[in-house]
Amino acid sequence: MVMHLDQQERITSSSSSPAVPTNTVLKVQAKESSSGSSLSSRKQHVLLALTQRWTIGGPTLLCVAEKFGKYLKRMLANLSNRIKDIVRPDTNFTYKEVPLSAESERALDEAGRKTLILDLDETLVHSCYNDPETNEHIGCSMVPPNTEPNFTISVDVEEMPVIFQVFKRPHVDLFLDFVAKWYDIVIYTASLEVYASQVVDQLDAGRGILRRRFFRQHCRSSTNVLSKDLCLVNRDLRRTFIIDNSPNAYRDYPENAIPIKTWLYDPNDKELLKLLPFLDALRFTKDVRTILSRRAH
Ligand SMILES: [Mg+2]
């Protein structure tokens, strides 16, 4: 009995020793009980200390396990991101603007600020709606069911309100932030003003970067095809160009256009991001046509 308690005291007094297993305490208690004698206050203190040690030991172990669990979770998340980067290297792609040197600033001044015309539907956004008469989904074939739109707008069509669900092309906000610093931005859409002006308001989101707008009434129409008159926006074609998903839109100005893939809904689309390095460089040219005409039509 004494030998057992002395062993317990030595274990307890060592701060670096591991938690004492409960069965050690139970053995002591069992022997004490069988002998029928009472424990001295010191021995009771040791037992109490052991018990407390065990009581404290429980949460300590839990705490260590919890910390290890969190560490493991972080490690797995890191590993998962590394694998994603290897499989799809552009997963975390963004664009970092490099500060301009004095020489670049001079070149930019000489080139002059340019006008970038942006198409709206299938270039920056995609919209779909329910036909109020047939309740048929129009334009939603590529949108997965129950996908929440970025915003909705209500347009009166023949005195009947139609709710449009509008989906923003991935990275459109970041794209607009960058290009608005580099160019004067103009929205030019073949859509009706009553619809498009609301969409553009939402897209602008109070930034004041999409103030100049041209709509269907500003388009040219021939052989039932609508095209856009870039001279209406800016007569200086050295400093004007358009990004549009529809080649018909810029058919009269092929040297002033950058085509972009039609976007009907793909959450992994990165076409706007991919354009940023090119657009960053294009602002240094005196005549955009010298660059854009090199593209194969
Ligand atoms: Mg379009």
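Two strands are taken as paired if DSSP finds at least two bridges between them. Helices (H or I, at least four residues) and strands (E, at least two) are DSSP runs, numbered from the N terminus. The structure is a predicted model, in which local features need pLDDT of at least 70 and side-chain atom pairs count only at pLDDT 80 or more, while totals for chains, interfaces and linings use all residues. Residues are numbered from 1 along each chain as its sequence is written.

The chain contains nine helices and eleven strands. Of its 297 residues, 21% are buried, where buried denotes 20 or more other C-beta atoms within 10 Å of the residue's own, exposed 12 or fewer, and partly exposed the range in between, with C-beta atoms placed from the backbone. Contacts are assigned to two residues if their C-beta atoms, placed from the backbone, lie within 7 Å. Among contacts between residues at least 6 apart in sequence, 65% join residues at least 24 apart.

An open sheet with antiparallel pairing is formed by four strands in the order 3-2-5-4. Its edges are strand 3 (137–138) and strand 4 (151–157); each has a single partner strand, so one side of each lacks a neighbour in the sheet. Strand 2 (residues 125–130) is joined to strand 3 by two bridges, and the two run antiparallel. N130 has H137 of strand 3 as its bridge partner. Helix 6 (residues 193–204) lies across strand 2, strand 4 and strand 5 (160–168), and runs at about 160° to strand 4. Axes here are lines fitted to C-alpha atoms, for helices over the stretch in contact, and angles run from 0 to 180 degrees between N-to-C directions.

A second open sheet comprises five strands in the order 7-6-1-10-11, with parallel pairing. Strand 7 (212–214) and strand 11 (257–259) are the edge strands, each pairing on one side only. On average, neighbouring strands of this sheet are turned by 25° against each other, direction ignored.

Within this parallel sheet, strand 1 (residues 115–118) is joined to strand 6 (residues 184–188) by four bridges, and strand 1 also pairs with strand 10 over four bridges in the parallel sense. T115 has bridge partners on both sides: D184 in strand 6 and T240 in strand 10. L116 stands opposite I185 of strand 6. In a regular strand the side chains alternate between the two faces of the sheet. In strand 1, T115 and I117 point one way and L116 and L118 the other way, and all are buried.

Towards one edge, strand 6 is linked to strand 7 by three bridges in a parallel arrangement, with R212 of strand 7 as the bridge partner of V186. Strand 6, helix 6 and strand 7 make a right-handed β-α-β unit; a crossover is right-handed if, with the strands pointing away from the viewer, the path from the first strand over the helix to the second runs clockwise. Helix 6 thus belongs to this unit and also lies across strands of the antiparallel sheet. Towards the other edge, three bridges join strand 10 (residues 240–244) to strand 11 in parallel, and D244 has P259 of strand 11 as its bridge partner.

Helix 5 (residues 172–182) and helix 8 (residues 271–282) pack at an angle of about 10°, with their axes 10 Å apart. The two helices are therefore roughly parallel to each other, given that angles under 35 degrees count as roughly parallel, over 145 as roughly antiparallel, 65 to 115 as roughly perpendicular and the rest as oblique. Helix 5 contributes V172, F175, F178, V179 and W182 to the contact, and helix 8 contributes L272, L273, L276, L279 and D280. By class, the contact has nine nonpolar, no polar and one charged residues; Ala, Val, Leu, Ile, Met, Phe, Trp, Tyr, Cys and Pro count as nonpolar, Asp, Glu, Lys and Arg as charged, and the others, Gly among them, as polar.

Helix 4 (residues 102–111) is hardly covered, as the count of buried residues among its ten residues is zero. G112, just after helix 4, takes a positive phi of about 80°. K286 is located in the loop between helix 8 and helix 9 (288–292) and counts as exposed, with 12 C-beta neighbours inside 10 Å. Not counting residues up to four places away in sequence, K286 touches A111 and R238. K286 and A111 are 175 residues apart along the chain, and their C-alpha atoms are separated by 4.4 Å.
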